[in-house]
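Welcome, and thanks for opening the viewer. Let's walk through this structure one selection at a time.

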Amino acid sequence: MIIREAKKEDAPSIATFQLAMALETEDLQLDKPTVDLGVAKVFDDPSKGTYYLAEKKGQVIASLLTTFEWSDWRNGTVLWIQSVYVVPEERGNGVYKKMYQHIQQLVEQNDQLKGIRLYVDQTNTRAQQVYQKLGMTAEHYQLFEWLKE
């Protein structure tokens, strides 16, 4: 298995994963054209984030997106992991762990990167257990949001 930065030609796979993830984790049927455009915009404007993929035998089996949060407290950038998806048949095989370690290594090697954050749906206990096993904590903050429909 390899972990690599995604390329523009990976956009259809990433969009398909996002549609599946929303349906599976939050029972949301997302609008495919909107998701396709949203994924494409990340490739058109790298300041929006970076996608990473896990590939096994030439097949894309997982993806995630990192976005950026400026921290004035730390005088640096915190990476947010978002839009994580692993194909069902590869879950439990350490795919996300390998992807997380790749991102963690990027942070360790770059003095301007100060850490990693992510959010998870409160009902997604399986994902929470994975994050805790990797040493992440849910101690500091509670997420509040307002989203326009």
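**Stop one: the nonpolar core**

This is a predicted model. Begin by selecting V39, Y51, L64, I81, Y96 and M99: within the largest nonpolar core, which has 39 residues, these touch the most other members. Now colour the elements that give two or more residues to this core: α1, α2 (32–44), β2 (50–56), β3 (59–71), β4, α3, β5 (113–118) and α4 (125–133). Which element gives the most to this core? That is α3, with six residues. As background, nonpolar side chains in soluble globular proteins tend to be buried together.

Stay with V39 for a moment and show its surroundings. Leaving aside residues up to four places away in sequence, V39 touches A11, I14, A15 and Y51.

**Stop two: aromatic pairs**

Next, show the aromatic rings. There are five aromatic pairs to find. Start with F17 and Y85, whose ring centres are 5.0 Å apart. Their planes stand at 35 degrees, so this pair is tilted; stacked would need under 30 degrees, and edge-to-face over 60. F17 belongs to helix α1 (residues 11–26) and Y85 to strand β4, so the pair ties together parts that lie 68 residues apart in sequence. Are these two residues buried or exposed? Both F17 and Y85 are buried.

Now move to Y96 and Y100, another tilted aromatic pair, with 6.1 Å from centre to centre and 35 degrees between the planes. Because Y96 and Y100 are four residues apart in helix α3, about one helical turn separates them. Y96 counts as buried at 8% relative accessibility, and Y100 counts as buried at 5%. Add Y131 to your selection to see a cluster: ring pairs link Y96, Y100 and Y131.

**Stop three: a charge over a ring**

Go back to Y85 and add R91. What sits over the ring of Y85? Here you will find the charged end of R91, 5.2 Å from the ring's centre.

**Stop four: E90 in its loop**

For the last stop, select E90, which is placed in the loop between β4 (76–86) and α3 (95–109). With a relative accessible area of 12%, E90 is buried, because buried means under 20%. Turn on the side chains of E90 and N93 to see a polar contact of 3.2 Å that joins them. Finally, add K56, I61 and V95: E90 touches these residues, not counting those up to four places away in sequence.

Conventions
Residues are numbered from 1 along each chain as its sequence is written. This is a predicted model: local features need pLDDT of at least 70, side-chain atom pairs count only at pLDDT 80 or more; totals for chains, interfaces and linings use all residues. Side-chain values use heavy atoms; hydrogens and water are left out. Buried means under 20% relative accessible area, exposed over 50%, partly exposed in between (1.4 Å probe, protein chains only). A polar contact is a pair of N or O atoms within 3.5 Å; within protein, one must be able to donate a hydrogen and the other to accept it, and residues adjacent in sequence count only if both atoms are side-chain atoms. Contact means heavy atoms within 4.5 Å. Rings of Phe, Tyr and Trp (its six-membered ring) pair if their centres lie within 6.5 Å; planes under 30 degrees apart count as stacked, over 60 as edge-to-face and the rest as tilted. A charge sits over a ring if NZ of Lys or CZ of Arg is within 6 Å of the ring centre and within 35 degrees of the ring normal. A nonpolar core is a set of buried Ala, Val, Leu, Ile, Met, Phe, Trp, Tyr and Cys residues joined through side-chain atoms within 4.5 Å.
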